[in-house]
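Q: Can we go through this model together, asking what earns each label?

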Amino acid sequence: MTWLITGGAGYIGAHVARAMTEAGERVAVLDDLSSGVAGRLPREVPLVRGSVLDRAVLDRAFAELGVTGVVHLAAKKQVGESVEKPLLYYRENVHGLTVLLEAVVDAGVGSFVFSSSAAVYGMPDVDLVTEETPCLPINPYGETKLAGEWLVRATGAAHGISTACLRYFNVAGAARPELADTGVFNIIPMMFDRITRGERPRIFGTDYDTPDGSCVRDYIHIEDLATAHLAAARRLAERPGAGDLTLNVGTGHGVSVREMADLIGAVTGRTDLTAETGPRRPGDPARVVASGERIAKELGWRARHDVRSMVTSAWEGWCLHHPEARRG
Ligand SMILES: NC(=O)c1ccc[n+]([C@@H]2O[C@H](COP(=O)([O-])OP(=O)(O)OC[C@H]3O[C@@H](n4cnc5c(N)ncnc54)[C@H](O)[C@@H]3O)[C@@H](O)[C@H]2O)c1
């Protein structure tokens, strides 16, 4: 098998490329480097610089590299930006996927892993989110991921391609500091950012129906997420034409924003900066925690890392890019 990882120079893609390479899989990456960094990739992994929207680049890459499976991570991922620029999100995430799938079909590629998101569920009102929980996305980003799943499943069924749609919950951490996420788009880097500026972390909403009143989320360590891709890719390769696997990738364990603020204070040594509280933000569900039953049953996969190791490794990565953070 040769796997082409689209978006493989990104935060998650680079971890997936590394995990698959270390496990002995042959891997190449296609990335337009719009937010990716070539230096994140292991030296032995070839990088094709180009967009999934460019059919000629895809055809050439498939033919020259002898691609037999695709792990598709290339996408735009910022919820707020997707509200401001829905057309950009539909073009990159949905049209880009259509172009890629056409190339996949024509090249006779047999396995396709798709990077989906818990954003497909929207505001789920359940204790544990299963794959049967209704998908009701509340922003264009989530819509593009749900439409992407439909495209992937329909194409797989029509053309005998084994597919997996992996719905990631809240991803954090880094295998090595240089592989860390550099964006400030979710709670962990947002709290790091405030601490670095000597400000107190902020909790949005303290009157939710949760044990401590703050929102509860399911945080998954990036290294666990990477091994989930490896397990899914191998399963698809073992069972060609076996249909689709749609799986949550989470831990089944909820952590509240307040607990996260306390943990971040402890890990960064800034327990003096106790969290300040503010009003709820629109569109924040009270609790989003995955049921991990299906992925455990289907792939024998379970998360191995705890939240502290996730925050510690994310902080190491943050300090590499923001050396002033250590001075606190
Ligand atoms: N980070 C998260 O918390 C999270 C959660 C759920 C789902 N996801 C999904 O995981 C995937 C990867 O996310 P990430 O956090 O690594 O983001 P990222 O921005 O670090 O990585 C995306 C990569 O795709 C590349 N890319 C973007 N558009 C492209 C195009 N048209 N052609 C080729 N390459 C292109 C970028 O250069 C980058 O390397 C995305 O599909 C995202 O929607 C991420």
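A: Sure, starting at the ligand: one of its oxygen atoms is 2.8 Å from an N or O atom in the side chain of Lys145. Bear in mind that this is a predicted model, where local features need pLDDT of at least 70, side-chain atom pairs count only at pLDDT 80 or more, and totals for chains, interfaces and linings use all residues. Residues are numbered from 1 along each chain as its sequence is written, and side-chain values use heavy atoms, with hydrogens and water left out.

Q: What makes the Lys145 pair a polar contact?
A: A polar contact is a pair of N or O atoms within 3.5 Å, and the Lys145 pair sits at 2.8 Å, so it counts. Tyr141 has a side-chain N or O atom 2.6 Å from a ligand oxygen, and Gly36 has a backbone N or O atom 3.0 Å from one.

Q: Why are H8 and H10 called oblique?
A: Their axes (lines fitted to C-alpha atoms over the stretch in contact, with angles from 0 to 180 degrees between N-to-C directions) cross at roughly 55 degrees and come within 10 Å. Under 35 degrees would be roughly parallel, over 145 roughly antiparallel and 65 to 115 roughly perpendicular, with the rest oblique. H8 and H10 are therefore oblique to each other.

Q: What about H1 and H7, at roughly 60 degrees?
A: The axes of H1 (residues 11-22) and H7 (residues 222-238) come within 8 Å, and that crossing angle makes H1 oblique to H7.

Terms used. Helices (H or I, at least four residues) and strands (E, at least two) are DSSP runs, numbered from the N terminus. A polar contact is a pair of N or O atoms within 3.5 Å; within protein, one must be able to donate a hydrogen and the other to accept it, and residues adjacent in sequence count only if both atoms are side-chain atoms.
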